[in-house]
Amino acid sequence: MGEFRDASRFNKRVLEGVLEFSREHDPFSSLPAVFCPELVGRYDVKRGLLCMLVNMQDRNMGSGRKRNRERLHILLYGEPGTGKTIPLDYLSREWGAVYISANPSSASLKGDARRKDRGVQIFSSETGRVVCIDEFELMEDTDTLRDVMEIGKFTLTKGGHHEEYDAQCSVVCAANDITKLSPAVLSRFDLIYGFDEPTYDESVEIARNLIEIEEDPSSSEITKDFLKEHIGISSDYNPRIRESAEVLSQLELHFRKSRKGKTGRWISSVFRISRAIAKIRLNDWGVEEVKCALKMKSYSDSVLARALGYE
């Protein structure tokens with residue numbers, strides 16, 4: 001069974017309430033109902049973002065070994081007005097995320113200390129937090145973000161000297177068009193979601209939901225508090241793998257059905273998502289979590305393939 005890194009920092013009553021809820025319900029299925037209420041439906045996006053919120057710190061693999069990336073990065077794309085920035089606004093307002101709106105004339109991620117906009121340095125100051133980037137495709141030097149996303153570090157050049165900085169943050173990007181982003185950058189996103197123009201029924205549901213919020217904005221306060229308590233406690237939980245042989249068999253079955261192999265980066269992403277699901281459930285991770293992660297990852301792959309015209 002997994003364990004908490006520091007359970008003593010939680011209120012005992014709150015911890016017991018969250019643990020009891022997790023025993024009686026599946027938090028991975030129920031918590032999205034109260035997450036980002038302005039985004040109607042799209043439980044797929046909400047589950048991905050919840051996984052990101054519980055995986056904010058890389059895992060120390062022991063003395064003399066490098067850290068294992070736990071942080072999840074998410075890309076949302078679609079035409080203007082399709083709602084892809086709603087989660088960014090919500091993360092900024094409710095979860096303290098930093099929101100960057102790209103300006104193609106000044107926004108850059110280039111590792112140059114002379115830049116007045118600090119460029120990539122902003123990621124160092126936001127270690128352990130979420131950084132949201134709107135209009136991501138307009139930013140210059142997006143390839144520089146790869147090291148931040150993959151290893152949680154970046155290098156600045158000062159007077160011919162190279163200085164390395166920690167930058168362990170999770171990145172959520174929104175883009176109108178992802179066809180010009182490099183494959184190297186796209187491969188660092190664990191989950192990619194597409195947004196389309198809402199249908200008639202979806203528009204009515206969005207309006208109904210917003211009216212309910214306006215009529216009684218305090219009705220969900222307790223639920224909102226519980227959500228944050230649950231995510232805070234889940235973030236501290238360190239699940240262990242169970243049924244390792246069965247997990248491997250499940251992956252073998254997936255590759256056999258798809259008739260296609262996957263890279264270590266892809267498989268590591270599946271494991272990160274699996275661990276995040278287990279953390280939300282406050283349980284160890286095994287076949288059920290891997291099945292769910294494979295479904296999320298495969299859907300993300302299909303979204304990317306359609307966006308790039310491969311399907």
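**Entry 1: Arg 71**

I began with Arg 71, which I found in the loop between α3 and β2, the strand at 74-78. I was working on a predicted model throughout. I asked whether Arg 71 is buried or exposed. Its relative accessible area came out at 0%, and since the cut-off for buried is under 20%, I entered Arg 71 as buried. I then looked for partners of its side chain, and noted that a polar atom of the Arg 71 side chain lies 3.1 Å from the backbone oxygen of Val 148. A second backbone oxygen, that of Met 149, is reached by the side chain of Arg 71 at 3.5 Å.

**Entry 2: Lys 46**

Next I turned to Lys 46, which sits in helix α3, a helix that covers residues 43-54. With a relative accessibility of 3%, Lys 46 counts as buried, because buried means under 20%. Which backbone oxygen does the side chain of Lys 46 reach? I found that of Leu 39, at a distance of 2.8 Å. Leaving aside residues up to four places away in sequence, I listed Pro 32, Phe 35, Cys 36, Leu 39 and Gly 41 as the residues that Lys 46 touches. I also looked up the separation of the C-alpha atoms of Lys 46 and Val 34, which are 12 residues apart along the chain, and wrote down 9.5 Å.

**Entry 3: helices α10 and α12**

For a helix pair I needed two quantities, because two packed helices are described by the angle between their axes and the distance between the axes. I took α10 (residues 244-258) and α12 (residues 287-307), whose axes come within 9 Å and cross at roughly 30°. Angles under 35 degrees count as roughly parallel, and I therefore recorded α10 and α12 as roughly parallel to each other. The crossing in which α10 passes α12 is right-handed. On the α10 side, I noted that the contact is made by Glu 246, Val 247, Gln 250, Leu 251 and His 254, while α12 contributes Val 287, Val 290, Lys 291, Leu 294 and Ser 298. How many residues of this contact of α10 with α12 are nonpolar, polar and charged? I sorted them into 5 nonpolar, 3 polar and 2 charged.

**Entry 4: the whole protein**

I closed with totals for the protein, in which I counted 12 helices and 9 strands. Of its 311 residues, 44% are buried. For contacts between residues at least 6 apart in sequence, I noted that 76% join residues at least 24 apart.

Note on methods: Residues are numbered from 1 along each chain as its sequence is written. This is a predicted model: local features need pLDDT of at least 70, side-chain atom pairs count only at pLDDT 80 or more; totals for chains, interfaces and linings use all residues. Side-chain values use heavy atoms; hydrogens and water are left out. Helices (H or I, at least four residues) and strands (E, at least two) are DSSP runs, numbered from the N terminus. Buried means under 20% relative accessible area, exposed over 50%, partly exposed in between (1.4 Å probe, protein chains only). Contact means heavy atoms within 4.5 Å. A polar contact is a pair of N or O atoms within 3.5 Å; within protein, one must be able to donate a hydrogen and the other to accept it, and residues adjacent in sequence count only if both atoms are side-chain atoms. Axes are lines fitted to C-alpha atoms, for helices over the stretch in contact, and angles run from 0 to 180 degrees between N-to-C directions. Angles under 35 degrees count as roughly parallel, over 145 as roughly antiparallel, 65 to 115 as roughly perpendicular and the rest as oblique. A crossing is left-handed if the near helix is turned anticlockwise from the far one by less than a right angle, and right-handed if clockwise. Ala, Val, Leu, Ile, Met, Phe, Trp, Tyr, Cys and Pro count as nonpolar, Asp, Glu, Lys and Arg as charged, and the others, Gly among them, as polar.
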